[in-house]
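Grab a pencil and have a look at the model below. Try each exercise yourself before you read its solution.

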Amino acid sequence: MMSLSFTVAGGGQLSLTPDKLVVAGYTARDEESVRAHIAELAAIGVPPPESVPAYYDLDPALLTSAPVVDVDGTSTSGEVEPVIIRADGRYFLAVGSDHTDRDLERSDIVLAKASCPKPVGATAVEIGADLSELNWDALRATSVVDDRPYQQGGVATLRRPEELVQRMTVAAPGDLVLFCGTFPLLGGEFVFGDRWELSLSSPDGWVLTHAYATRHHSTA
């Protein structure tokens, strides 16, 4: 079992040993855009999901706040995501990256996600016992790769977290880390960079950030 430690914005600490790590995909509210995205991925060989939203049940040991993460090969990339943490029945918000092997993704999405670490920032904002209290639609997310803007979007384009939790197809009692989906790429194509910077900000004044570098190991 692995443990995670977070500094809670405004004071305090959060330590947990998550029972589940679930990565949600295809979480856009606009179902037409989801269908278009599935068609785009199919055109490059990525199989369609079994459900929308899709839920990928992964090993919590993939979670890390380390500044450097090891990946196999050079065809991996990350993406900024809001991350919901449930600990002892209370919810927290963090920022993370669903780093994924894009070559493997063409044949096996679960394996592609499971083969890469899942970076998450070490600071969290407490929501409380009710996810609906979070001002989700006001949040903004960005990512930067090797000093170049990569993603930028309003979290209002994603399904609300209470809906994602309610619709989960994975049994997840106990402590949970849920990646809630991501945003279109500004350039329209994956970038296999070396340094990733993530941010999730609120008009309330707080900003969650995380940065990490990838260390590549050749699979040859």
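**Exercise 1: a tryptophan and its surroundings**

Find the residues that tryptophan 136 touches, leaving out those up to four places away in sequence.

Solution. This is a predicted model, and we call it a contact when heavy atoms lie within 4.5 Å. Going through the structure with that cut-off, tryptophan 136 touches Arg29, Pro82, Leu93, Val155, Ala156, Leu158, Arg159, Arg160, Pro161 and Cys180. Now zoom out to the largest nonpolar core, which has 36 residues. Trp136 is one of the five that touch the most other members, along with Ile84, Leu93, Leu178 and Leu200. Apart from that core lies another one, with 28 residues including Phe6, Val23, Tyr26 and Ile109.

**Exercise 2: the two sides of a helix**

Work out how the buried residues of H1 are arranged around its axis.

Solution. Start with the helix itself: H1 covers residues 31-43 and reaches 19 Å from first C-alpha to last, close to the expected 18 Å. Next, pick out its buried residues, Val34, Ile38 and Leu41. Looking down the axis, you'll see these fall within an arc of 65°, so they line one face of H1. Finally, check the face turned away from the buried side: it carries the exposed residues Glu32, Arg35, Glu40 and Ala43.

**Exercise 3: the edges of a sheet**

Which strands stand at the edges of the open sheet?

Solution. First, write down the order of the eight strands: E2-E1-E12-E9-E8-E15-E3-E4, with mixed pairing. E2 (13-16) and E4 (54-58) each have a single partner strand, so one side of each has no neighbour in the sheet. For E2, look at E1 (residues 4-8): the two pair in the antiparallel sense over four bridges. In one of these strands, E2, glutamine 13 is the bridge partner of threonine 7.

How values were computed
Residues are numbered from 1 along each chain as its sequence is written. This is a predicted model: local features need pLDDT of at least 70, side-chain atom pairs count only at pLDDT 80 or more; totals for chains, interfaces and linings use all residues. Side-chain values use heavy atoms; hydrogens and water are left out. Two strands pair if DSSP finds at least two bridges between them. A nonpolar core is a set of buried Ala, Val, Leu, Ile, Met, Phe, Trp, Tyr and Cys residues joined through side-chain atoms within 4.5 Å. Buried means under 20% relative accessible area, exposed over 50%, partly exposed in between (1.4 Å probe, protein chains only). The expected span of a helix is 1.5 Å times one less than its number of residues. The arc is that of the directions from the helix axis to the C-beta atoms.
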